[in-house]
Amino acid sequence: MTHSRRSVLRRGAGIALAGTAASLAGCSDTASGGSDEFDSGYAAFFTLHDWANQVAGNHATFEDPVDVGQLGHGWTPDGTLAADVASTDAFVYLDNPEFSWAQDLAATLEADYDTVAVIDGLAGLEGDLLEWDHSHAEAGHESEETQSHDDEHEDTSHEHGGDEHSHDDEHSGDEHEGSRHDPHVWVDPVFAADIVETIAAGLSEADPDNAEAYADNAAAYGEELAAVDDAFQSIADTAARDVAVMAGHNSFQYLEARYGFRFHSPVGVSPQNEPTQTEIADTIDLVDSEGIDTVLYDRFQSSRLADSIVENSDATAAVPVTPAGGTTREWNDAGYGYLEQMTEVNIPAFKRAFDAQ
């Protein structure tokens, strides 16, 4: 059954959501029988959930289907999510294969439930997306190969699986290999502002009575994102060191492109890669030759690889950073949103890693 369209902002139809069409059809009376008032929606993961609520203000409430401690890309929803989303007014997502479940859900909503505003945050950013090559050989490790510290690091190459969330689980069953677009565009506060504006435009089209409020909320939030942009630029301008070590896969390519940061990773960009003993040894040599004091690691992975590099080098600390694709229980309890993850976690860590004033 097709209902009258409220709003669609998207790049194109995804793949049909297998196994949910019948479930949605069985819930169609519920999904279409609610109030005409625009007041609820879902967003595909933590950051979009935060932004959608910032833009909506007191006019609508968005839910995040992804549990605390997990990330939205590579995630697998349960069998009721499609029906739950179809009973609300909006779905905000990123049209990227790393969020294939969200692509599939968006396609199903657009085909059968046009009362739901489907808003693709990447609309208009297609030409700005960076390639994300999953092959380890193409990962781009900056240091030259040196002698292997096999005896010192014999157990470290398999120790960077997550304690709270594993990126290996995140991509299990993913049949797409090779080069694709890096989904972590949201770590760049400039692109973040673009996505926030896209969300505001989508909500305004779906709920024109409150369009002015959505635009005002997006503009106010954009000013806070501009402050994050200024902070990252200040780090780039005052950095005494031109490279930082990331002991884990590199989710910060967009910051490298925006600000000229350089992150060396023994893993590369793919969470599926395992560092070799030579790559770990090269990283330790880089730490010592560059006088690096701080080794960074992804908060959503284990710190074991970072701790091992610190123990076997002249560095003194392993410090967490966040790709802002999810939240921890600690951060959730403290009320951290995207801005807090940037200002309270990443900016201080980058200042220390790049020795910025």
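Is Ala-324 buried or exposed in this predicted model? Ala-324 counts as buried, because its relative accessibility is 0%. The legends below start with the whole chain and end at the site of this residue.

**Figure 1. Overview of the predicted chain.** The chain contains 13 helices and 11 strands. Of its 357 residues, 54% are classed as buried. The exposed area comes to about 14,400 Å², and carbon and sulfur atoms supply 42% of that area. Among contacts with a separation of 6 or more, 77% join residues 24 or more positions apart.

**Figure 2. Packing of helix 7 against helix 8.** Helix 7 covers residues 189–206 and helix 8 covers residues 211–238. The axes of the two helices are 9 Å apart, and the packing angle is about 175°. Helix 7 is therefore roughly antiparallel to helix 8, since an angle over 145 degrees falls in that class. On the helix 7 side, the residues in contact are Pro-189, Val-190, Ala-192, Ala-193, Val-196, Ala-200, Leu-203 and Ser-204. Helix 8 meets them with Ala-211, Tyr-214, Ala-218, Tyr-221, Leu-225, Val-228, Asp-229 and Phe-232. Sorted by class, this contact has 14 nonpolar residues, 1 polar residue and 1 charged residue.

**Figure 3. The largest nonpolar core and the surroundings of Phe-350.** This core has 76 residues, of which Phe-91 and Phe-350 touch the most other members. Helix 7 gives the most to the core, with 9 residues. A second, separate core has 16 residues, including Val-245, Val-267, Tyr-297 and Leu-305. With neighbours within four places in sequence left aside, Phe-350 is in contact with four other phenylalanine and leucine positions listed here among its partners: Phe-252, Leu-255, Phe-261 and Leu-296. The contacts of Phe-350 also include Phe-232, Ile-235, Phe-263, Val-321 and Asp-355.

**Figure 4. Asp-355, a contact partner of Phe-350.** Asp-355 lies in the segment after helix 13, which spans 338–353. Its phi is near 50°, a positive value in a residue other than glycine. Asp-355 counts as partly exposed because its relative accessibility is 34%.

**Figure 5. Ala-43 in strand 2.** Strand 2 runs over residues 40–43, and Ala-43 lies within it. Ala-43 counts as buried because its relative accessibility is 0%. Not counting residues up to four places away in sequence, Ala-43 touches Leu-48, His-49, Phe-62, Glu-63, Asp-64, Pro-65 and Val-92. From Ala-43 to Tyr-93 the C-alpha to C-alpha distance is 6.0 Å, with the two positions 50 residues apart in sequence numbering.

**Figure 6. Asp-114 in the loop between helix 5 and strand 5.** The loop that holds Asp-114 connects helix 5 (100–112) and strand 5 (117–120). Asp-114 is buried, as its relative accessible area is 7%, where the cut-off is under 20%. Asp-89 is 25 residues from Asp-114 along the chain, and their C-alpha atoms are separated by 9.5 Å.

**Figure 7. Thr-294 in strand 10.** Strand 10 covers residues 294–298 and contains Thr-294. With a relative accessible area of 0%, Thr-294 is buried. Its contacts, leaving aside neighbours within four places in sequence, are Ala-317, Val-319, Arg-352 and Ala-353. The C-alpha atoms of Thr-294 and Thr-316 are separated by 6.3 Å, and the two residues are 22 residues apart along the chain.

**Figure 8. Gln-341 and Ala-324 in contact.** Gln-341 has its place in helix 13. Ala-324 is found in the loop between strand 11 (317–321) and helix 12 (329–333). Gln-341 is buried, with a relative accessible area of 0%, and Ala-324 also counts as buried, at 0% relative accessibility. Phi of Ala-324 is near 60°, a positive value in a residue other than glycine. Besides Ala-324, the contacts of Gln-341 include Phe-46, Thr-322, Gly-326, Thr-327, Trp-331, Tyr-336 and Asn-346, with neighbours within four places in sequence left aside. Pro-323 and Gln-341 are 18 residues apart in sequence, and their C-alpha to C-alpha distance is 8.7 Å.

How values were computed:
Residues numbered from 1 in each chain as written. Predicted model: local features only at pLDDT ≥ 70, side-chain atom pairs only at ≥ 80, totals over all residues. Heavy atoms only, no water. Axes fitted to C-alpha atoms, helices over the stretch in contact; angles between N-to-C directions. Helix = DSSP H or I, 4+ residues; strand = E, 2+ residues; numbered from the N terminus. Parallel < 35°, antiparallel > 145°, perpendicular 65-115°, else oblique. Contact = heavy atoms within 4.5 Å. Nonpolar A, V, L, I, M, F, W, Y, C, P; charged D, E, K, R; others polar. Buried < 20%, exposed > 50% of the residue type's maximum accessible area, 1.4 Å probe, protein only. Areas by Shrake-Rupley, 256 points an atom, 1.4 Å probe, with all protein chains shown as cover. Core = buried A, V, L, I, M, F, W, Y, C linked by side-chain atoms within 4.5 Å.
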